[in-house]
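Visitor: Could you take me through one part of this structure slowly, and then set that part beside the rest? I would enjoy seeing how its pieces fit together.

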Amino acid sequence: MMEFNSVIHGENILKKYGKFRLDIPELDVPRGFATALIGENGAGKSTLLDIIAGIRLDYKGSLRFFDRYDDKDRENDPAVKNAIGYEGTGNYFLPMWTVKQGREIQKLLFDSFDEDKYIEMCRYLAVPDEDNKKISDLSDGNQMKLKLAGVLARDTELLLLDEPASPLDPLMRDKLCDMIREYLQSDEGNKSVLFSTHNIADMEAVTDYMILVENGRIVEQGFVEDLKEKYVVVKGEKADEEFAEKVLYSKSSNAYGFEGLCLAERLDELAGINVKVEIPSLSQICVAIMKQNSALYGIR
Amino acid sequence: MIISQMSGVPIYQQIADNFRTDILEGKIAEGTYLPSIRSLARDLKISVITTMKAYEILEQEGLITAVQGKGYAVNAQDGNMLREQHMRKVEEGLLQAIASARIAGLSQSELIETLKLLMTLQEE
Amino acid sequence: MGELFGIYKVFTPQKYRIFAVYLGTILMMAVALLNNILYGKGIGLIVTAVLLLAADVYLDLFVFQGIFGKNFGFGLLRNSDRGLKVIKKGVLADRLRSLFQHMIVMMFTGFMSRDYFIEQGYIEGPADLILMILTIGMTEYVFNTLILNISRRHETFFEGFLLDMLYILAGSAVVAGVGFLFMNESVPAPYPMLAVMGFLTIIVTYAMVERVGRRYINSFEISEKNIPGDDSGRRMWLFILIAFGLDALMIPAMYIGKSNGTDLTAFMVAQMMYPACGVALGGLLSYRRVRLPKIAYWTIITTGLITLILAASSVMLPLEFEMAGTTTTILYYISNFVIMIASVLMIVGLCVAGKEKRENAGFRFRNPGRSLLITALFIVLYFARVFILCIADGLINDSVAEAVRDFVNIFSSGSSVQLIPAIVINLPLTFVMFLGEEYGWRYYLQPIMQKKLGRLPGVILLGILWGIWHVGADFTYYSDGTGVQMLLAQIVTCVSLGIFFGYAYMKTDNIWVPVMMHFFNNNLIMFLSGDASVNAMQGNVVSWTDIPLMVIGAAVFWLFAFASIMRGEKECPLYMRKAGVAEVDTINGTKAVADGMGEAV
C-alpha cells in the first residue's frame, strides 16, 4: 500500500440521525489527490462531507485539516475555511438570490474570490448568461455549474464537492474531470479534492483514492491502483462455478459461464480449474463489495 | 503518446512503456525532467495515481529518479543496460510471435523461415 | 465591519417572510378573538391559547427555521467565516423577533383573559395579573423553546434554553408592566388593543411597502403576455394576500365596531374593492410590456385604499347621523361619494385608455347583444328564484295563495316601483364596487380555477371561496347571532350565482355582464323590500331551515351547471382569444387561434 500524507484526518466520527448512524473510527483523505466518496443514496456521504466542511456541527469525534488545524480552528480561524472550498446541497445558495446576487455575495464572503475567473469559468461551463434570473429557477445542472465555478474561482487547498457529477450531462462531466485535474496540478501535490458520487463510472478516470461508504460505515478504501491489484475479476466455465463460488465476492452467471470478483490473494484456491483473470474496473470493485454487503445485511 | 483504454494493458503500463522506449532510444536526454505527475494526468485525461504508478515503475527500473520538489529526472543510461532493455523487448516480441504461431499451427522451422524472410525483406 | 454589513443584503429578500409572520400573527389573533366572542370566555380562552400556540410554533418552525435555524444548508454561507457571522447574527435577530412576537401574544392573551379571571375571582390586584401573565407567557414560551431547541441543533440545548429563559423573563417583565398600566379600569380594553393593532398594522404596512414592496416589485417577471388565467405564483399570491388578507385583517375591527354598535356598511364598500385591487396591483407590477389602462387601474387601487381607511376609521370615529331613516356613519357616507367619484373617473379612464389597453385589461364590452340578453335573463331568473322561495315558504305555512299574492304585490307596490329609476341611475355611479369584486373573481380567478380544475369544478370552487370570503361580514354585518348559518347561506348563494355568472362570462366574454348582474343582485333586494336604505341586508336572522330553501330557490342557477360550455377542455378557449395570444402549433410554428372562434362563442 502506498504511503501518503492526510489532508483530512478524522477520528471516531459519530453522528446519529434517527435510525441512521454514521460511524467512522478513522478517516484519511490523501493530500494531493482526488478522492471519491462512493456510496448509494443515503449511505451517509453528504452527511460526512457536511461534517468535514463544518456545515453541520452536531457530530462527535475529531477532525484534523492540513495536518495543522483541528475542527475548532476550522470554526475560529478564517484561514481554514478560506482554504476549503465546499459545494453542497440544500439551500447552498439562498433560494431568492439571482445569479448576479450570488456572484456579488461570493465576492463579499471570500477574499480570494476572483470574479474574472468566475465569469470565465461560467463561460467555460456554458452557464446561460442570465444575470437577473433566480438561481433556484435554473436547472439542476446549471446550478451545479455555478457552484463549481464559485469554488474554483477561489484560492483553496481542498475542495469538498457533493455529487458534482450527477446533475451534469456527459460533456459537462468530462469538463468537470478536466477541471479537477487542472486544480490538482495547479499546485503539484498540495491541492486535494474530495467528492462524493453514487455513480463511480462517470468519475473513474479522475479518481485516485476511493472511500466506499455503506450504511454509515467505510467498507473499503484505498488507492485505485492498489485496489485493482487487491481484487481480480475471475471468469470461468459453467462447470467450475460451484467450485469457484466460495472465493468469489459477487458472482453473475449465465448459461455459458460465470464471472465474479475475488481477492487476488485467494486466487490460489482456484488452482486446478480453468479461469481467466482480468484487472477489475473501479465500478466492478464497488459493485461487488456493495453486493456482498447487501447479502450480509440481508438486503435484496 | 497514445494511450488505449481498451487494450487490456493497464494504462500505467502503457505510459511506462512509452517513456521507457523514449528514454532508451535517447529521445529524452539525460537529466531532463519528465512532466509532473499531475500535469501529465491532466494532459492524458487520466487519474493522478495512474501516472504516479507509471513513474514508480520507471523509477524501479532505474530509468528515472525522483528529485525532491522538482519531479522525476531521467538517469544516465549506460550501453549495457540499453542493450539489455532492447533484448527484453526482442524477447517480448518473439514470445508474442510464438504464441500467434501456435494458434496458426506453424511449426518451429516454418516460424524461423518466416523470420529469416522478413529480415531479408527489410534489409532490401 | 463595513463589508460585513454589506453581506446583510444576503438576507434582505427574506424580510418579506418576516413581515408575513407578523401578518400571520395578527390574523391568528383575529381568529382567536372571534373564538373568544363566539364561544364565551371559558372555552374561548382555551381555544385562543391553543390557536396562538399553534400559530407561533408553526411560524417558528416552518418559517424561521427555514431562514436561520437549519443546521445544514446555507452551504455557501457556512463555508465562509464571514457568512457564519451573518448566520449567527441572523439567529440573534431571529430571537429578538421571537421575543417581540411573544410579547405581543402574551399581551393579547393577558388582555383577553383579564376580565375572565377577574370575573372568576382569580385575580384581584396587579400582582395577580402579573403572575397570571407570567404563567401564560412561561408555559407558552417553555413549550415553544423546547420544540425550537430540538430542531435548532447548532447550539447546545442548554445554551439555547438559557438564552430563551432570559428572553422570557425580559419579555414577561415588559408585558407585566404594560398589563399593570391597563389594570386601571377606566381604560376600556378594546381601545388600547386597537391601538396596538393599529400600530402593528402601520409597521407591517410600512415595512411591506418600503422593503418588501420594492423587492417584490423587482422580482416580478416581465412578460409579453397578459393572459387572464395567468397563474404565475407571485401574482396569484399577491391577489390572495390582498383579496383575502385585507378581508381577514378587517375582521377584528368589524367585531369591535359591532360590539360598539357602529354601523358597518363602510366595511362592505371597502371589502368589495379588495379583489380588483389585487388584480390591478398585480397587473401594474408584472406586465411591463403590455399597455394597460393605468388610470383605471390606479382608480381601483386608490378607491380600495381610501374606502379601506374610511372603513377602519369608522370604528374609531363613530360619528353617526340619520340618513333616510337609518343611522349610519359619516365615514360611510363619505365612502359613497368616493365610489361615485371613482365610477366617473373609471368611465373617463376607460374611455381615454383606448381599445388596445381596454382589450389588454379585459374591459371591453364584447358581444353587446348577447350580453344584454343574458343580463335580462339573470333578472328574470332572479325573480324566478324569489317566486320559488315564496311558493316554498307558502307550502310550509299552508298559504300558497297568500305567497303568490305577496309576490305579485312586490311589483305593484308603489315604493318598489319608485325605486326602479333609482336602481338604473345607480348603476353607472356605483359600478366600481361591483367591478371591484367581479374583476377579481370572474376576470382573474375563474380562468385560473378552471385551468387547474376544469370548467365546472373551477366555477364551483370559486363560488365556495367567494362565499367564505364573506365570513367577516356574515358574522357581523349580514346576520345577528346566526353567523354560521349566514355563512352557509352565503356559500350556497355564491356557488349558485357563481355558476350563472361564470356561465354568462364564458358565453359573452364580457366582464361587464357579471358586473351588471352583481349590481342587480345586490340592489334588487331594495326593490323586494321596498326600502332604499341598506337596512334590508343588515342584521338578518337566518335559521337553519332557511338553507335548504335557499338551495331549492337557487336551482334556477344550478341548472346552468349542465350547460355545454361548462364541459370541454379545462381552459376555455375564449380567454385565449381575448388575450390575442397565438396558440403554438408545435409542428407548424405559430398559428392564430381566433379562426372560427367568433362563431363558436
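Guide: Happily; let us look closely at chain B and then step outward to its neighbours. Please keep in mind that this is a predicted model.

Let us begin with the layout. Chain B has five helices and two strands, and along the sequence these come in the order α-α-α-β-β-α-α. Its length is 124 residues, 22% of which count as buried. If you take the contacts in chain B between residues at least 6 apart in sequence, 53% of them link residues at least 24 apart.

Now for a pair of helices. As a general point, the packing of two helices is described by the angle between their axes and the distance between the axes. Helix 1 of chain B, residues 11–24, packs on helix 3 of chain B at about 45°, and the two axes are 8 Å apart. An angle from 35 to 65 degrees falls outside both the roughly parallel and the roughly perpendicular ranges, and helix 1 and helix 3 of chain B are therefore oblique to each other. Their crossing is right-handed. On the helix 1 side of chain B, the contact is formed by Ile11(B), Tyr12(B), Ile15(B), Ala16(B), Phe19(B) and Arg20(B); facing them from helix 3 of chain B are Thr50(B), Thr51(B), Lys53(B), Ala54(B), Ile57(B) and Leu58(B). Sorted by class, the residues of this contact are eight nonpolar, two polar and two charged.

Chain B also touches chain A, through a contact that draws 14 residues from chain B and 15 residues from chain A. On the chain B side, helix 2 (37–44) and helix 3 (48–60) each provide at least two of the residues. That side of chain B comprises six nonpolar, four polar and four charged residues. Helix 3 of chain B thus appears in two settings: it packs on helix 1 of chain B, and it supplies residues to the side of chain B that touches chain A.

Stepping across into chain A brings us to the largest nonpolar core, which has 116 residues. Leu37(A), Ile38(A), Ala149(A), Leu160(A), Ile180(A), Val193(A) and Met210(A) have the most contacts inside this core. Helix 7 of chain A, residues 170–186, gives the most to the core, with seven residues. For a view from a single position, take Val193(A): setting aside neighbours within four places in sequence, its contacts are Ala34(A), Thr35(A), Leu159(A), Leu161(A), Ile180(A), Tyr183(A) and Leu184(A). A second, separate core has 93 residues, among them Ala296(C), Phe431(C), Phe434(C) and Tyr478(C).

Those last residues lead to chain C, which offers a useful counterpart to chain B. Chain C contains 23 helices and four strands, and 41% of its 601 residues are buried. For contacts in chain C between residues at least 6 apart in sequence, 78% join residues at least 24 apart.

Chain C has a helix pair to set beside the one in chain B. The axes of helix 13 (residues 368–397) and helix 18 (residues 483–508) of chain C come within 10 Å and cross at roughly 165°. That angle makes the two helices of chain C roughly antiparallel, and their crossing is right-handed. Arg370(C), Ser371(C), Ile374(C) and Phe378(C) of helix 13 meet Phe500(C), Ala504(C), Lys507(C) and Thr508(C) of helix 18. By class, this contact in chain C has four nonpolar, two polar and two charged residues.

Notes. Residues numbered from 1 in each chain as written. Chains lettered and ligands numbered in written order. Predicted model: local features only at pLDDT ≥ 70, side-chain atom pairs only at ≥ 80, totals over all residues. Axes fitted to C-alpha atoms, helices over the stretch in contact; angles between N-to-C directions. Parallel < 35°, antiparallel > 145°, perpendicular 65-115°, else oblique. Left-handed = near helix turned anticlockwise from the far one by under 90°. Contact = placed C-beta atoms within 7 Å. Nonpolar A, V, L, I, M, F, W, Y, C, P; charged D, E, K, R; others polar. Buried ≥ 20, exposed ≤ 12 C-beta atoms within 10 Å, placed from the backbone. Core = buried A, V, L, I, M, F, W, Y, C linked by C-beta atoms within 7 Å.
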